[in-house]
Amino acid sequence: MSTEILSVNKLSKRFTPDAPLVVRDVSFDVRDNEIFAVLGPSGCGKTTMLRCIAGFERASSGTVCMRDRMLEGPGVHVPPEERGVGLVFQDYALFPHLTVLENVVFGLKNVPKAERETQAREALKMVGLNGFENRTPHHLSGGQQQRVALARTLAPCPELILLDEPFSNLDALLREGTRQEVRGLLKERGMSAVLVTHDQEEALSFADRVAVMRGGQIEQVGTPEEVYYQPRTLFVAQFLGRTNLLLSQARGRQAQTALGEIGLNRDAEGTVLVSLRPEHLTLEPGDTDAGPTGTVIDRAFKGHDITYRVECDGAEYLVHTHNRMSYQPGDHVSIRPQESAVVLESRSTPMDTTNGVTSEETVAQK
Ligand SMILES: Nc1ncnc2c1ncn2[C@@H]1O[C@H](COP(=O)(O)OP(=O)(O)OP(=O)(O)O)[C@@H](O)[C@H]1O
């Protein structure tokens, strides 16, 4: 049975007494050997929350506990260096006068001297920096410096590490490789991590669970599959990727939509907004009676799949398909839902909701 290494409970933070809360009632647990991502747009309070967990900021209210030890709470503030967590922050601070190897060895003060260099070299290898041991940070690119900071934090294998956009300075190919390496190492050594990022692909591919944050609050926590395929709110549906939004008339597990009768992921009644990911729609040649007929507006070929924009009854849909059958702009096609649609919580009226829809997305009204 898994146990929690970190418990954050109703954490709130405001910077000055009359300023609004930047972090609002945030609660979550991180389990042993779990990678937990906090995903949200710029300015939503992710870094502030992580800095409260690390001890660089005092929480205004709420608690942070590691195992049974309170790190932050009413009258309690354990300084960062006594919290026993590893940190990789955006503004990584390397010692400019030390070599790359010495910088990493510095993080291994509690390891027997004879083993420090071996462990440091191993960590550098993992982030692809073997051969750079004797350089000074000044002679490295920003991305390379970021990898040294990562190696320095990972080398002593702390139980918990906090990562604030640690891959952001790496180019796309290196980023993916480093992410996989770091994930493998965390899993292999039994470490837990909290990653803060605004990059949905990074959160979905790196983490075991993802918390989606907006305006200082967590809107949903779940596995990557849950938050992507079962978003609870319009914001989560849109922030996690492209989606089709349809206003529908629900009755139980079925709804009448512009695309015909479709199944729903849960019971609902009356007018509801539902989300259907582009990969949950498919196209058939327009001369069948498979579904409502539309016209292909354009297509984006992406190698292993194709994304189509299809106009149907005055609304636009995105359809993402692996179909071998290829359609061209102007082709008549029928659109068929392949999965149940996801009912979104109505936090706003349908009129308000349509304002949040981008040109790539559609609210189709029956
Ligand atoms: N020291 C500070 N004093 C006052 N306001 C601050 C301070 N630090 C952050 N803020 C404000 O708190 C809000 C949240 O900032 P924060 O950096 O936590 O967001 P974020 O989600 O991490 O964004 P990003 O991804 O751009 O770093 C912002 O409005 C920011 O201006």
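Mentor: Before we begin, one definition: two strands pair if DSSP finds at least two bridges between them. Please also keep in mind that this is a predicted model.

Trainee: In which sense do S8 and strand S9 pair, and over how many bridges?

Mentor: Strand S9 covers residues 192–197, and S8 pairs with S9 in the parallel sense over 5 bridges. Within this pairing, Asp-164 stands opposite Val-196 in S9.

Trainee: How does the chain cross from S8 to S9?

Mentor: The path runs through helix H5, residues 172–189, and this β-α-β crossover is right-handed.

Trainee: What about strand S7 and S8: in which sense do they pair?

Mentor: S7, made of residues 86–88, pairs with S8 in the parallel sense, over 3 bridges. In that pairing, Gly-86 stands opposite Ile-161 in S8.

Trainee: How many residues of strand S8 are buried?

Mentor: S8 spans residues 160–164, and 5 of its 5 residues are buried, leaving the strand mostly covered.

Trainee: Which residues point one way from S8, and which the other way?

Mentor: Leu-160, Leu-162 and Asp-164 point one way, while Ile-161 and Leu-163 point the other way. All of these residues are buried.

Trainee: Changing topic, how many helices and strands does the protein chain have?

Mentor: The secondary structure comes to 9 helices and 20 strands. The protein chain has 366 residues, and buried residues make up 40% of them.

Trainee: And what box do the C-alpha atoms fill?

Mentor: Along the principal axes, the C-alpha atoms of the protein chain fill a box of roughly 75 × 50 × 40 Å. Furthermore, of the contacts between residues at least 6 apart in sequence, 67% join residues at least 24 apart.

Terms used: Residues numbered from 1 in each chain as written. Predicted model: local features only at pLDDT ≥ 70, side-chain atom pairs only at ≥ 80, totals over all residues. Buried ≥ 20, exposed ≤ 12 C-beta atoms within 10 Å, placed from the backbone. Helix = DSSP H or I, 4+ residues; strand = E, 2+ residues; numbered from the N terminus. Right-handed = clockwise from strand over helix to strand, strands pointing away. Contact = placed C-beta atoms within 7 Å.
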